[in-house]
Amino acid sequence: MVHPRVALSGYQTATARGWGLNGDIAVPGDYDGDGTVDLAVFRPANGGWYILTSSTGFTTSTFRSWGLAGDVPVEMDFDADGLTDLVVFRPATGVWHILKSSSGFVTFDTPHGASRVTVPIPRRP
Ligand SMILES: [Ca+2]
Ligand SMILES: [Ca+2]
């Protein structure tokens, strides 16, 4: 049976995809720049980002290492190029570490004054 609110909204089908492990933090964003949100998780255990890209029909994943245990991943387009960057906030130091998509995820920024920002709440899958 379809929930009445779902039927009214036109949402009559659902999709479920397995992506991530227990303890991962969901960081959805458009990492490949095709205008559709990709499925991405940050794994605190190894600082890994596992991104299942929409441009491949969610059939191909990308792995990038960026962050440490205890970091808080944040979905953000810091360099304003339309692609989501790899961003972690490190509560232990109050510093943001931003690996920019505009550099091909090669160069990073650590803006100053980060100790005055609010710590984001991690989203979990
Ligand atoms: Ca995408
Ligand atoms: Ca970007």
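These legends walk through a few close-up views of a predicted model.

**View 1. Four strands lined up in an open sheet.** The order here is β5-β6-β7-β8, and the pairing is antiparallel. Look at the two ends: β5 (72-76) and β8 (108-109) are the edge strands, so called because each pairs on one side only.

**View 2. A closer look at β5 and β6.** Strand β6 covers residues 85-90, and five bridges tie this strand to β5 in the antiparallel sense. To find one of these spots, start at P73 and look across to V88 in β6, its bridge partner.

**View 3. The hairpin of β2 and β3.** These two strands run antiparallel and are joined by five bridges. Try spotting R43, whose bridge partner in β3 is G48. Between the strands sit four residues, and in this hairpin G47 takes a positive phi near 70 degrees.

**View 4. On to β3 and β4.** Strand β4 (residues 61-65) pairs with β3 over five bridges, again in the antiparallel sense. Here Y50 has F63 in β4 as its bridge partner.

**View 5. Inside the largest nonpolar core.** This core has 18 residues, and the ones touching the most other members are A40, W49, I51, V74, V87, V88 and F89. Who chips in? At least two core residues come from each of β2 (39-43), β3 (48-52), β5, β6 and β7 (95-99).

**View 6. W49 and its contacts.** Which residues does W49 touch once neighbours within four places in sequence are left aside? Those in contact with W49 are A40, F42, F63, R64, W66 and L86.

Methods: Residues numbered from 1 in each chain as written. Chains lettered and ligands numbered in written order. Predicted model: local features only at pLDDT ≥ 70, side-chain atom pairs only at ≥ 80, totals over all residues. Pairing = 2+ DSSP bridges. Core = buried A, V, L, I, M, F, W, Y, C linked by C-beta atoms within 7 Å. Buried ≥ 20, exposed ≤ 12 C-beta atoms within 10 Å, placed from the backbone. Contact = placed C-beta atoms within 7 Å.
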